[in-house]
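Q: Could you take me slowly through one part of this structure, the place where a few strands pair with one another, and then show me what surrounds that part?

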Amino acid sequence: DCHPATELLKEYAHGSLSIGWSVALSAHLELCQSCKQKYSELESEIANSWSHDSTDNGTQELTDLAANIIRQPQEDPADSSIPQESPIAEIHMLDHSFTLPQILAKAANEGLVWKKLAGGINQAKLDIDTETQCEFIYMSPGSQTPMHKHQGSEITLVLDGSFSDALGTYEPADFVVRSSKDEHQPVSEEGCLCFAVLDSPLTFTQGVARLFNPINRYRFRKTIAQQY
């Protein structure tokens, strides 16, 4: 169940997702061969539909799609002739090293500033998108987040290790989507590195953590504003 839905893959193919969501999905496709194959088949279907559509509307749709694709994260043409020894880079946390998908490695290579949060959680935000908050989350072994829900949607891509909540256990390459209907408390016994994308601040629902909800809302608005 921890794979992007077909409709989400179609939106990605049409270039209609936010950049943050596109980055997360692109990273998942690097890690998951089954989704990569499924996406390749969707691309072929879309290409075939274009080839049989000679109407003005079809031409305009192709033009609009091309414009959307241009706005998505692209490889730097200047780097295309430089041989890549490896499509991955590493993040070092404590005594662990974690490999990254290429698209996330490029973002991480620009520099990460890690911030320690309560409960053994570490966060490093990335300036990727003006619509979402993108961040690496490292959960140290035995850590857990406070119980919380989301005002909107959240994608969590597991990069290394694992975490669990009341709905399941999630391992490397898992693509976990949470909506405003979900309330959960991630826990990691072995430690876990994730890439997360949020389109709204989370809301703590139990204990003293609820006192931090106004701060979360302020920090989320500040993060988005700084990326414009």
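A: In this predicted model, a good place to begin is histidine 150, which stands opposite leucine 202 in strand S15. These two residues belong to a pairing in which strand S7 (residues 148-150) and S15 run antiparallel and are held by three bridges. The pairing is part of an open sheet of three strands, whose order is S12-S7-S15 and whose pairing is antiparallel. Strand S12 (183-184) and strand S15 (202-204) are at the edges of this sheet, and because each has a single partner strand, one side of each is left without a neighbour in the sheet.

Another set of paired strands can be read in a similar way, beginning with strand S3 (residues 115-117), which is joined to S4 by three bridges in an antiparallel arrangement. Within this pair, leucine 117 has isoleucine 121 of S4 as its bridge partner. The hairpin of S3 and S4 has three residues between the strands, and in this hairpin glycine 119 takes a positive phi near 80°. On going further along the chain, one finds that S4 also pairs with strand S5 (residues 133-139), again in the antiparallel sense, over six bridges. Here lysine 125 has glutamate 135 of S5 as its bridge partner, and the hairpin that joins S4 to S5 passes through six residues. Strand S4 (residues 121-126) is largely enclosed by the rest of the structure, because five of its six residues are buried.

What surrounds these strands can be approached through the nonpolar cores. The largest nonpolar core has 38 residues, and those that touch the most other members are Leu25, Leu100, Leu104, Phe136, Leu159 and Phe195. Helix H2 (residues 19-31) gives the most to this core, contributing six residues. Leucine 159 can serve as an example: once its neighbours within four places in sequence are left aside, leucine 159 is in contact with Leu31, Leu100, Pro101, Leu104, Phe136, Pro172, Leu193, Cys194 and Phe195. Apart from the largest core lies another core, of 10 residues, which includes Phe163, Tyr170, Val176 and Cys192.

Finally, a helix gives another view of burial, since in helix H1 (residues 6-13) the buried residues are Leu8, Leu9, Tyr12 and Ala13. These buried residues cover an arc of only 140° around the axis, so they lie on the same side of H1. After H1 comes glycine 15, which has a positive phi, near 70°.

Definitions and conventions: Residues are numbered from 1 along each chain as its sequence is written. This is a predicted model: local features need pLDDT of at least 70, side-chain atom pairs count only at pLDDT 80 or more; totals for chains, interfaces and linings use all residues. Side-chain values use heavy atoms; hydrogens and water are left out. Buried means under 20% relative accessible area, exposed over 50%, partly exposed in between (1.4 Å probe, protein chains only). Helices (H or I, at least four residues) and strands (E, at least two) are DSSP runs, numbered from the N terminus. Two strands pair if DSSP finds at least two bridges between them. A nonpolar core is a set of buried Ala, Val, Leu, Ile, Met, Phe, Trp, Tyr and Cys residues joined through side-chain atoms within 4.5 Å. Contact means heavy atoms within 4.5 Å. The arc is that of the directions from the helix axis to the C-beta atoms.
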